[in-house]
Amino acid sequence: MARSERDVIDFSALQGELQAAVESERKHERENDAKLRAVRQGVCYSQFRELVLCSHLKPLERSEKLAAPRKQPWNPVAHGNS
């Protein structure tokens, strides 16, 4: 019995489809959680929309804030007076 081309499984394409489905499900859950939080907070529509649109953002960890170099001094005018 010879195998036809239809019987061959393309595992790389299947893996790509699975990755896309998993990411889509994560996005749906993340946005749904943001919607529920916004409804509980009783925000107006524009704030609701902003909360949902930025649901993929995460707050910075303390170590990330401390490790980042400062790009501008607090008072650029007083910088040379030290």
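Glu31, Ala34, Lys35, Ala38, Val39 and Gln41 of helix 1 meet Phe48, Leu51 and Val52 of helix 2. This contact set comes from a predicted model.

**How the two helices pack**

Two packed helices are described by the angle between their axes and the distance between the axes. Helix 1 covers residues 11–41. Its axis and that of helix 2 come within 8 Å. They cross at roughly 150 degrees. Because angles over 145 degrees count as roughly antiparallel, helix 1 is roughly antiparallel to helix 2. The crossing of this pair is right-handed.

**The chain as a whole**

The chain has three helices and zero strands. Read from the N terminus, its elements run α-α-α. There are 82 residues, of which 5% count as buried.

**Ala38, on the helix 1 side**

Ala38 is found in helix 1. Is Ala38 buried or exposed? Its relative accessibility is 1%, so Ala38 counts as buried; the cut-off for buried is under 20%. Leaving aside neighbours within four places in sequence, Ala38 is in contact with Val43, Phe48 and Leu51. Phe48 and Leu51 are among the helix 2 residues that meet helix 1. The C-alpha atoms of Ala38 and Val52 are separated by 8.2 Å. Along the chain, these two residues are 14 residues apart.

**Glu50, on helix 2**

Glu50 is found in helix 2. Its relative accessibility is 52%, so Glu50 counts as exposed; exposed means over 50%. The C-alpha atoms of Glu50 and Ala34 are separated by 9.8 Å. Glu50 and Ala34 are 16 residues apart along the chain.

**Ser55, in the loop**

Where does Ser55 lie? Ser55 sits in the loop between helix 2 (45–53) and helix 3 (62–67). Ser55 is buried, with a relative accessible area of 14%. What does Ser55 touch, not counting residues up to four places away in sequence? The partners are Arg30, Glu31 and Ala34. Glu31 and Ala34 also belong to the helix 1 group that meets helix 2. A polar atom of the Ser55 side chain lies 3.0 Å from the backbone oxygen of Val52. Val52 is one of the helix 2 residues that meet helix 1.

**Cysteines**

How many disulfides does the structure hold? The count is zero. Cys44 is partly exposed, with a relative accessible area of 40%. Cys54 is partly exposed too, at 33%.

**Accessibility at a glance**

| Residue | Relative accessible area | Class |
|---|---|---|
| Ala38 | 1% | buried |
| Ser55 | 14% | buried |
| Cys54 | 33% | partly exposed |
| Cys44 | 40% | partly exposed |
| Glu50 | 52% | exposed |

**Summary**

Helix 1 and helix 2 cross at roughly 150 degrees, with axes that come within 8 Å. Ala38 of helix 1 touches Phe48 and Leu51, among others. Ser55, in the loop after helix 2, touches Arg30, Glu31 and Ala34.

Notes. Residues numbered from 1 in each chain as written. Predicted model: local features only at pLDDT ≥ 70, side-chain atom pairs only at ≥ 80, totals over all residues. Heavy atoms only, no water. Helix = DSSP H or I, 4+ residues; strand = E, 2+ residues; numbered from the N terminus. Buried < 20%, exposed > 50% of the residue type's maximum accessible area, 1.4 Å probe, protein only. Polar contact = N/O pair within 3.5 Å; in protein donor to acceptor, adjacent residues only side chain to side chain. Contact = heavy atoms within 4.5 Å. Disulfide = S-S within 2.5 Å. Axes fitted to C-alpha atoms, helices over the stretch in contact; angles between N-to-C directions. Parallel < 35°, antiparallel > 145°, perpendicular 65-115°, else oblique. Left-handed = near helix turned anticlockwise from the far one by under 90°.
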